[in-house]
Structure formats: structure tokens, C-alpha cells
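Visitor: Could you take me through this model slowly, explaining each term as it comes up?

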Amino acid sequence: MMILKMYVTMFPVILAGIMNMLFVKTKLYSKIKFPIDGGKKFRDGKRFLGENKTWAGFFGMILSGALSQFLWGFVCLKIPEICYIYFYFDNTPLFNLAAGAAMGLAYVLFELPNSFIKRRLDIPSGKTVGGAKGCIFFLIDQVDSLFGVAAVYAALYPMPFWQYILYILLGAVTHIWINSILYAAKIRRNL
């Protein structure tokens, strides 16, 4: 039952990630995508973050998070005990918008260090590499944002450290599974 409650709690972030992935495939996105790093380079001559980290995607994830949690709140009205955050907070539209935006913000902020490091290691934006480096960054790509999302959950309700880690593991498995589906549907270019 605990795993089910964790998935119910995480569902808005999962949905927000899918919504944002679909958003970045739209014509609107292609017209408003401006890189967060503004094309600027670090002292090593390489981009700070690269082309794929854009303000549109950044704010798109925050908005998607807020909208997903807002909608999920209506789903959970009849059974609030199935979602951990409603043990401690009232399921209100304002709370859901704020919590969802916080989760979206944490998601995108915790992705940025990974992008910065990958540019230092000459891994192109949106690309994968082979070998040990590729395996390591495949795993990091699955969990980087989850550290932030799990931190938001930990701020919203008391949890033991092992549950924080379990959120990251469950999120990583779910992330791989959803990315596989999106890749097969040709929505993602790589896993």
C-alpha cells in the first residue's frame, strides 16, 4: 500500500514531465525557446548548459507541475488518504497550484548541474554517448530531477530517509519506463 501511495503522490510530477515533453515538441515552443545560458560559454570555452535547457522548458515544467497537481487534487478529493501530501495539507486549489509549481521548479533546477557537467565532458545537448560514461550519465539523467522532487515531498511531509531514497528509485524506474514509451512513440529522440 505504501508504494501505491507514493505513486499516487508522484503522479502529478510524472504527468507534468510528459506534458512538458509534449510541449517542447510544439510549434509554439520552437518559436519561444531561448537557451537559459543565452549561448554563453564557461571559461573552458564550452556552453554552460547547452541548447536543450531553455526558458520555455523551464517555465513549462513549472506550469505543467502546477496544472498537474491542481487537476490531481480533484481526482483525490474523494480519497485524500491515498496521497501522502494530503495527510498534512488540505486539498485546496491554491495549495495544489503552489505544491505543483514547487515540484516543477525542483525538477528543472536539479537537472541543471547534470547538464553543466555533461557540457564539460563534451557530451552534446540531447545526445547520449557509449561506454562507461554513457552508462553513468544514463543513470544520472534518470534521477537528477528526482532528488529535487523528493526534497519537496520531504518538505511537505515528514518521511524517513529511506523513503526519500525510495521515491528516487521508484521515480527512476518510472522515468525509464515512460522514456521508453515516448521513444517508441517517436516523441523522444533517445532514451
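Guide: Contact means heavy atoms within 4.5 Å. This is a predicted model, in which local features need pLDDT of at least 70 and side-chain atom pairs count only at pLDDT 80 or more, while totals for chains, interfaces and linings use all residues. Residues are numbered from 1 along each chain as its sequence is written, and side-chain values use heavy atoms, leaving out hydrogens and water.

Visitor: Which helix gives the most residues to the largest nonpolar core?

Guide: A nonpolar core is a set of buried Ala, Val, Leu, Ile, Met, Phe, Trp, Tyr and Cys residues joined through side-chain atoms within 4.5 Å, where buried means under 20% relative accessible area, exposed over 50% and partly exposed in between, with a 1.4 Å probe and protein chains only. The largest such core has 43 residues, and Met103 is among those with the most contacts inside it. Helices are DSSP runs of H or I with at least four residues, numbered from the N terminus, and those giving two or more residues to this core include H4 (93-120) and H6 (161-184). The most, 8 residues, come from helix H6.

Visitor: Leaving aside neighbours within four places in sequence, which residues is methionine 103 in contact with?

Guide: Methionine 103 is one of the core residues with the most contacts there. Once its neighbours within four places in sequence are left aside, its contacts are Val13, Gln69, Ile85, Val149, Val152, Tyr153 and Leu156.

Visitor: Is isoleucine 32 buried, exposed or partly exposed?

Guide: Isoleucine 32 lies in helix H2. Because its relative accessibility is 34%, isoleucine 32 counts as partly exposed.
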